[in-house]
Amino acid sequence: MQRCPRAFVLRYGIAAHATNHPTVQLLKNSFAIQTPWILMQMSIRDTIRDYVEDYQMGMKWTTNLVRLKFNQAFQYRIEDRNSIITQLKEWKEPDSVFRRVKPEKHLEEIGAERCIKLIEDESFIHLLDTMAFKSIPATRSKRIDGVRVYNSSDFSAEKGEHSFLIRINLFGYSSIDQINQNAALFSLGTENKTIIQYSWKNGKWFIHKTNVSTNEKKSIRRLIHLDSLEMERILKLVGSKNNLERVPFADSSRTCMHCSIRFLCPAKNRLEEAKGEQMSLMC
Ligand code: SF4
């Protein structure tokens, strides 16, 4: 999404300020549809949140119960997805892009296995046994230098003077720099909290504990500032009648392959051609 200015504008500029226009509603619904793979990942987070809540109340789940709970969470998310697709029925093209599905067995197994590996991780058990956990809503935002930032950790954990923010990175991490940058983001607006990230990579959970320095916090605030300037610049390219002529397409056709709204985009099957047409219109 962030790799395509046009998708960004459609999602956060046009769909976010929706009127009752049917195309805008179609955009909103399309952005809400995730692939079963992503839904599987989201269901891991749902399951772990429920697990932690019950654990704190003294209820320890068996492995079978973890599987059952994961399957329920995944089923619920798939049903939700299917019901959005059903609402798109009147739109011929989307119906051929989005297909209703059932939870796939192999995704159920992958998801349940990742949940079980996390809750059986010794450091995770130690945290659960020694600290008071609180779930942090995924939609919680922070206002940083006038910019609303959505990047929340999953739990806070406290005991005496020890205080942690815990994040489950379902999509792994590409480098230690990325882990440090995430930690700096999560730490904004807090003081003296250690950031713990559990990241799934190469078949296991990796754990990183980070204490963010003042300089790292300053750098991430600067990055947020620059990002928000760039977002504003892109949003200003939209004309008063939601004209997208000047809004660039994605850099690479790989981005389009995973785009939820490609059926509405001139670049859907021919990115380079669409870019060429846009250039000629702007000359
Ligand atoms: S299809 Fe490609 S260019 Fe069009 S909005 Fe999606 S990612 Fe961007």
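Strands S6 (194–201) and S7 (204–210) pair in the antiparallel sense over seven bridges, where strands are DSSP runs of E with at least two residues, helices are runs of H or I with at least four residues, both numbered from the N terminus, and two strands count as paired if DSSP finds at least two bridges between them. The model is predicted, and its local features need pLDDT of at least 70, side-chain atom pairs count only at pLDDT 80 or more, and totals for chains, interfaces and linings use all residues. Residues are numbered from 1 along each chain as its sequence is written. Within this pair, Ser199 of S6 stands opposite Phe206 in S7, and the two strands form a hairpin with two residues between them, where Asn202 in the turn has a positive phi of about 50°.

These two strands belong to an open sheet of five strands with mixed pairing, in the order S1-S4-S5-S6-S7. At its edges lie strand S1 (132–135) and strand S7, each of which pairs on one side only. Neighbouring strands of the sheet are turned by 20° against each other on average, direction ignored, with axes taken as lines fitted to C-alpha atoms, for helices over the stretch in contact, and angles running from 0 to 180 degrees between N-to-C directions.

Moving along the sheet from S6, the reader comes to S5, which runs parallel to S6 and is joined to it by six bridges. Here Phe164 stands opposite Thr194 in S6, while Asn169 stands opposite Ser199 in S6. The chain crosses from S5 through H8 to S6 in a right-handed β-α-β crossover, a term meaning that, with the strands pointing away from the viewer, the path from the first strand over the helix to the second runs clockwise. Helix H8 (residues 176–187) packs on the sheet and touches S5, S6 and S7, with its direction at about 135° to that of S6; residues are in contact if their C-beta atoms, placed from the backbone, lie within 7 Å.

On from S5 comes strand S4 (residues 155–159), which runs antiparallel to S5 (residues 162–169) and is joined to it by five bridges. Phe155 stands opposite Ile166 in S5, and the bridge partner of Ala157 in S5 is Phe164. S4 and S5 also form a hairpin with two residues between them, and Gly160 in the turn has a positive phi of about 55°.

Turning to the helices, the axes of H3 (residues 36–56) and H6 (residues 105–119) come within 9 Å and cross at roughly 35°. The residues in this contact include Trp37, Ile44 and Tyr51 of H3 and Leu107, Arg114 and Leu118 of H6. By class, the contact has eleven nonpolar, three polar and one charged residues, with Ala, Val, Leu, Ile, Met, Phe, Trp, Tyr, Cys and Pro counted as nonpolar, Asp, Glu, Lys and Arg as charged, and the others, Gly among them, as polar.

Last comes the ligand, where Cys4, Cys256, Cys259, Arg262 and Cys265 come nearest of the 13 residues around it, a residue being near if its C-beta atom, placed from the backbone, lies within 6 Å. Helix H1 (5–14) and helix H10 (253–257) are the elements that give two or more residues to this shell, which has nine nonpolar, one polar and three charged residues.

Conventions: Two residues are in contact if their C-beta atoms, placed from the backbone, lie within 7 Å.
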